[in-house]
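The following exchange is intended for a reader who is new to this structure.

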Amino acid sequence: MDSRPHDRLDELQSDPYPHYARARDAEGLTFVPELDAWLVARDTDVREVLRRAEDFSSEGALRPDVMPAPAALAVLGGGFGGRPVVVGVDGTRHQELRAPIVKGLSPARVAAVVPYAAERAAALVDAFVDGDPGERKGGHVELMSAYARRLPGEVIGRIVGLDPADVPAVVRGGYRAEELLFRPLPEDEQIAVAQDVVATQHILDRYARDRHAEPREDLCTDIVASVTAPGDGDGGGGDELTLDQRHEVVSHLQNLLIAGHLTTTALIGTTVLHLLRHPDQWELLCAEPDRIPAAVEEAARYDTALQGFRRVATRPVTLAGTELPAGASLFVAFGAANRDGDRHPGPDRFDITRTPVRHLAFGLGAHGCPGSQLAREQLRLTLQELTSRLPGLRLAEDHAVTMRPTMIHRSPRSLHLTW
């Protein structure tokens, strides 16, 4: 297999910003072969696409970069899921799928989970701080594995209603699903990844059946109720879910859990990375913790975790002077719009003191991220913990930082810190 196309895709995904800059400066839209899509890079154009769902459909928003081999697809056939999810549909169906998620991530639900999130954030930091935190002893941590990949999974797991013992497997399954669909892998590894994904789906199917039999006050119960047609059983231990309903519930849960932890994990990693790459701003934040909310917004803008989503033209349409045929694929780059100097002066400068301007890190309009407030709260708690307890935190000089080659959850592969 020719590895060159994948090498070029890795290069683009590892650092897309130079590509974005060229696309913003070009006349009209730029077609990017590595993405097999027209790149929408200017803030005004991104906003226009997001507001025109009738012309730019979300169908195929999560189209795989790499189609799994038949043997891996056969393994996936033994699992659950494969039904449309909220990010990939439009109109009334989108509203129906989104409703239980909006309810489950409402301001009241988020506020209710913040004390638990604060408790877990503190406990995770406790686990890697060397000795008495008050003594500020020296130490080392790889933050992604010790903290950033753990807190968001535990928090969204709490909201969904997962047993904490099941959270690590579900988080692993989320990463494996992303890997299968967006990374080139040898066939034997694809099969192993698919087996992990199916194992996670079976865990989620167990929750679906349990919550149908015994509803609780959690998001899993809300999702089960949303796919159960009126009269399809009493919702309290009567008729069992149909096989199709089980597939639908697992699809929703899998999508929600991946979105709920991978994106926030990425945001935590990039935020800490850029603050420590700018020691003056880290020191300012430690000295003036009231700036934490502004730092959250600047970090989300500067290096957006979810770089963008795909859209498909539903009819012949003109965008930015470029004529697109029906069926044209677009990559709508939130990360590029957030570096557009027409909206964000000095866009390539990381500056937590800048006057906030509304960015697109969490999307816009009907498909705006319903979990944005939950992500912000977890990042806020993270910065409170780290600035107050480890003001001497710095990047480990003997560990170079490289970014994961992905446009879906952009983050450091690892983040070694010392204090």
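The questions below concern a predicted model and address helix packing, burial and nonpolar cores.

The model is predicted, local features need pLDDT of at least 70, side-chain atom pairs count only at pLDDT 80 or more, and totals for chains, interfaces and linings use all residues. Residues are numbered from 1 along each chain as its sequence is written, and side-chain values use heavy atoms, leaving out hydrogens and water.

User: How is helix 5 oriented relative to helix 11?

Analyst: The axes of helix 5 (residues 91–104) and helix 11 (residues 219–227) come within 9 Å and cross at roughly 160°. Angles over 145 degrees count as roughly antiparallel. Helix 5 is therefore, relative to helix 11, roughly antiparallel.

User: Which residues of helix 11 make the contact with helix 5?

Analyst: Contact means heavy atoms within 4.5 Å. Helix 5 contributes Pro-100, Ile-101, Lys-103 and Gly-104, and helix 11 contributes Leu-219, Asp-222, Ile-223 and Ser-226.

User: How many residues of helix 14 are buried?

Analyst: Buried means under 20% relative accessible area, with a 1.4 Å probe and protein chains only. The cover over the buried residues includes helix 2 (17–25), helix 12 (243–277), helix 13 (279–287) and helix 16 (372–389). Helix 14 (residues 292–302) has eleven residues, and the number buried is eight.

User: Which helix gives the most to the largest nonpolar core?

Analyst: A nonpolar core is a set of buried Ala, Val, Leu, Ile, Met, Phe, Trp, Tyr and Cys residues joined through side-chain atoms within 4.5 Å. In the largest, of 111 residues, Phe-128, Tyr-147 and Val-160 touch the most other members. With 14 residues, the helix that gives the most to this core is helix 12.

Methods
Axes are lines fitted to C-alpha atoms, for helices over the stretch in contact, and angles run from 0 to 180 degrees between N-to-C directions. Helices (H or I, at least four residues) and strands (E, at least two) are DSSP runs, numbered from the N terminus. Angles under 35 degrees count as roughly parallel, over 145 as roughly antiparallel, 65 to 115 as roughly perpendicular and the rest as oblique. Buried means under 20% relative accessible area, exposed over 50%, partly exposed in between (1.4 Å probe, protein chains only).
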